[in-house]
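Hi everyone, thanks for coming. I'd like to walk you through one structure today, so have a look at the screen and we'll take it a piece at a time.

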Amino acid sequence: LLTGYRISSIIVLLSRTGFFDKLGTSGATCQIILDKMGWDSKTGFRFLECLTALGLLGRYQDTYFPTTFSLKFLLADSPSSQQKSLNFEEQLMKRWQNLEEVLTTGKISQPDKSQAEYKNALKSFIDAMHDAATQRAAELWASFSTKECGTILDIGSGSGAYLVSFLEQNPSWQGIF
């Protein structure tokens, strides 16, 4: 628990910088990656080795390539991409830095937002929850047994990802969003 933030910080950094999109699906040599990312050669090499040890990269001779996990969840155009969730988590991580202030004052400081900023923040939240829900819904419904047909009511349905997943797996059912 104490050091879990380190891996989270690494994954959020990779997301924010578009690392896997720049790397591409077939990989690249260390020097090409360092050049694309603008990283220092010594620390950049050590970081690539860290990513390899974490299972986010594979390595064959001098070529680093994304692992199956990275291709599935960390590549922006993957159907299972968690980019929006990671972007939202980065925002949350910054807010958690104020935990002591919140505990001391009992108040959460909220920066004033324009209507447009509020809409963007809400969209970011919904997008993040949608990305996460598309992964979790299949797991949930796989453990759920149903009758042959019926109606399911989804209250507080967010993006509708859970309901859509359920109806895809149970086509004789109806859903209310």
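Let's start with charged side chains: which residue's side chain meets that of Arg16 in a salt bridge? It's Glu90, and the N to O distance is 2.5 Å. Keep in mind that this is a predicted model, so that distance is computed from the model's atoms.

Now find the two partners on the screen. Arg16 sits in helix H1, residues 4-17, while Glu90 belongs to helix H6, so this pair ties together parts that are 74 residues apart in sequence. And is Glu90 buried or exposed? Its relative accessibility is 14%, and buried means under 20%, so Glu90 counts as buried.

If you're wondering about the background, side chains of opposite charge can pair when their charged atoms come close.

How many salt bridges does the structure hold? There are 3, so let's go through the others.

Next up, Glu49 and Arg59. Their side chains meet in a salt bridge at 2.7 Å, N to O. This pair also links distant parts of the chain: Glu49 is in helix H4, residues 41-53, and Arg59 is in strand S2, residues 57-60, with their positions 10 residues apart in the numbering. Glu49 is partly exposed, at 28% relative accessible area. Arg59 is partly exposed too, at 40%.

Then we have Lys123 and Asp127, whose side chains form a salt bridge of 2.7 Å, again N to O. Where do these two lie? Both are in helix H8, 4 residues apart, which is about one turn of the helix. Lys123 is partly exposed, with a relative accessible area of 49%, whereas Asp127 is buried, at 19%. That 19% falls under the 20% cut-off for buried, so Asp127 gets the label buried.

Let's stay on helix H8 and look at its surface. Tyr118, Leu122, Phe125, Ile126 and Met129 make a nonpolar surface patch of about 430 Å². Take Leu122 as an example: this residue lies in helix H8 and is partly exposed, with 41% relative accessible area.

Some of those names come back when we turn to the largest pocket. About 330 Å³ of space lies in there. Which residues line it? Going along the chain, we have Phe88, Gln91, Leu92, Arg95, Gln110, Pro111, Lys113, Tyr118, Ala121, Leu122 and Phe125. Helix H6, residues 83-96, and helix H8, residues 115-142, each supply at least two residues of that lining. By class, the lining divides into 7 nonpolar, 2 polar and 2 charged residues. So Tyr118, Leu122 and Phe125 turn up both in the nonpolar patch and in the pocket lining.

Last stop: cavities. A search of the whole structure finds 1 cavity of 30 Å³ or more. About 30 Å³ of space lies in the largest cavity. Phe19, Lys22, Leu23, Ile33, Lys36 and Met37 line that cavity. Helix H2, residues 19-23, and helix H3, residues 30-37, each give at least two residues to the lining. What classes do the cavity's lining residues fall into? There are 4 nonpolar and 2 charged, with no polar residues.

To recap, we've seen 3 salt bridges, a nonpolar patch of about 430 Å², a largest pocket of about 330 Å³ and a largest cavity of about 30 Å³. Thanks, that's all from me!

Conventions: Residues are numbered from 1 along each chain as its sequence is written. This is a predicted model: local features need pLDDT of at least 70, side-chain atom pairs count only at pLDDT 80 or more; totals for chains, interfaces and linings use all residues. Side-chain values use heavy atoms; hydrogens and water are left out. On a 1 Å grid over the protein atoms alone, a cavity is a set of points where a 1.4 Å probe fits but cannot get out, and a pocket is an open set with protein on both sides within 12 Å along at least five of seven lines; lining residues have an atom within 4 Å of a point. Grid points are joined across faces, edges and corners, and a volume is the space filled by probe spheres set on the points. Ala, Val, Leu, Ile, Met, Phe, Trp, Tyr, Cys and Pro count as nonpolar, Asp, Glu, Lys and Arg as charged, and the others, Gly among them, as polar. A salt bridge is a side-chain nitrogen of Lys or Arg within 4 Å of a carboxyl oxygen of Asp or Glu. Buried means under 20% relative accessible area, exposed over 50%, partly exposed in between (1.4 Å probe, protein chains only). Patches are made of residues with over 30% relative accessible area and no salt bridge: like charges are joined within 9 Å, nonpolar side chains (Val, Leu, Ile, Met, Phe, Trp, Tyr) within 5 Å. Accessible areas come from the Shrake-Rupley method with a 1.4 Å probe; for residues, only the protein chains shown count as cover.
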